[in-house]
Amino acid sequence: DDDDADDLPTVTPSECTQIMEKITMIMQQQINNLMRKIQAQGAQIPQQMLQSYLVEHFETQLKEVQSVVFREFGKDEDEVEHACAYYEAKETRDDKVVEACNNLRSLYTNVGGRVELDLPEDLTVEKMCVIFEEYMGAVQQAQIAFSQHLQQLKARGAQVTTSQLNETRNNLMQNHVLTVLKKYDMTNLLWVAALEKYSDSQVFKAAVERCKKGGAAP
């Protein structure tokens, strides 16, 4: 059928992944350079102002970077957008493309941007409550593991910097939390989108309260 052939992407999954990875890498460098410049100036910029500046900078730079990378691969924006949508769709999903697209989205949300995501149909508020309880359990497990790590360091009389401790804590947290998200086939982006979607739900609020009470108990 000719109509179906027209709908097939002109960009292969491999090209799509390479394009998105290159854009993400360049954008990461741009953000790092910008943050270094801001810190070097030593200016105390209010968090909200800094965030809106970063988002604006990201969006402007992204347009330029995309056009350069697309040209490099001999593709245009419509072709790449269509290919990404095609490879992210459930029926024609390509895991590497999905991961590459999500990495760029994550970079954008890290600087304060907002991404609209379609949640899976089976991610009901009830299921979200179950995942949330497991997620909070994982956070507590990570905190316990970090406390044990601190005790071991003290026992050995080891000298560590605050940044090293923060890195250890973050790694423990990421590992514990990602185990839960992977179990439910969720990404960090999807998790944040789901939290936003259900933030006004009474059922979800009740689950959050239950976790708080449970977490506070010895």
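**Figure 1. Salt bridges across the predicted model.** Seven salt bridges turn up when the whole structure is searched, each being a side-chain nitrogen of Lys or Arg within 4 Å of a carboxyl oxygen of Asp or Glu. Side chains of opposite charge can pair when their charged atoms come close. A word on the ground rules: this is a predicted model, in which local features need pLDDT of at least 70 and side-chain atom pairs count only at pLDDT 80 or more, while totals for chains, interfaces and linings use all residues. Residues are numbered from 1 along each chain as its sequence is written, and side-chain values use heavy atoms, with hydrogens and water left out.

**Figure 2. Lys-75 with Glu-15.** Here the closest N and O atoms of the Lys-75 and Glu-15 salt bridge are 3.8 Å apart. Lys-75 sits in the loop between α3 and α4 and Glu-15 in helix α2 (residues 13-41), so this pair ties together parts that are 60 residues apart in sequence. Helices here are DSSP runs (H or I, at least four residues), as strands are (E, at least two), numbered from the N terminus. Lys-75 counts as buried, at 17% relative accessibility, whereas Glu-15 is partly exposed at 21%. For these words, buried means under 20% relative accessible area, exposed over 50%, and partly exposed in between (1.4 Å probe, protein chains only).

**Figure 3. Arg-105 with Glu-88.** The side chains of Arg-105 and Glu-88 form a salt bridge at 2.7 Å, N to O. Arg-105 belongs to helix α5 and Glu-88 to helix α4, so the pair ties together parts that are 17 residues apart in sequence. Arg-105 is partly exposed, with a relative accessible area of 22%, and Glu-88 is partly exposed at 24%. Asn-103 also lies in helix α5 (residues 95-110) and is partly exposed at 40%.

**Figure 4. Lys-183 with Glu-134, and the loop residue Asp-185.** Lys-183 and Glu-134 meet through their side chains in a salt bridge (2.9 Å, N to O). Lys-183 is in helix α7 and Glu-134 in helix α6 (residues 125-156), so this pair ties together parts that are 49 residues apart in sequence. Lys-183 is exposed, at 55% relative accessible area, while Glu-134 is partly exposed at 28%. Asp-185 is found in the loop between α7 (162-183) and α8 (188-198). Although Asp-185 is not a glycine, its phi is positive, at about 55 degrees. Asp-185 counts as exposed, with 62% relative accessibility.

**Figure 5. Gln-61 and His-57 in helix α3.** Take a look at two residues of one helix: Gln-61 has its place in helix α3 (residues 47-72), and His-57 is in helix α3 too. Gln-61 counts as buried at 16% relative accessibility, and His-57 counts as buried at 18%. Leaving aside neighbours within four places in sequence, Gln-61 is in contact with Met-27 and Gln-30, where contact means heavy atoms within 4.5 Å. With the same neighbours-within-four exclusion, His-57 is in contact with Ile-31 and Leu-34.

**Figure 6. Asn-103 and Gln-47.** For a longer view, Asn-103 and Gln-47 are 56 residues apart in sequence and 24 Å apart in space, C-alpha to C-alpha.
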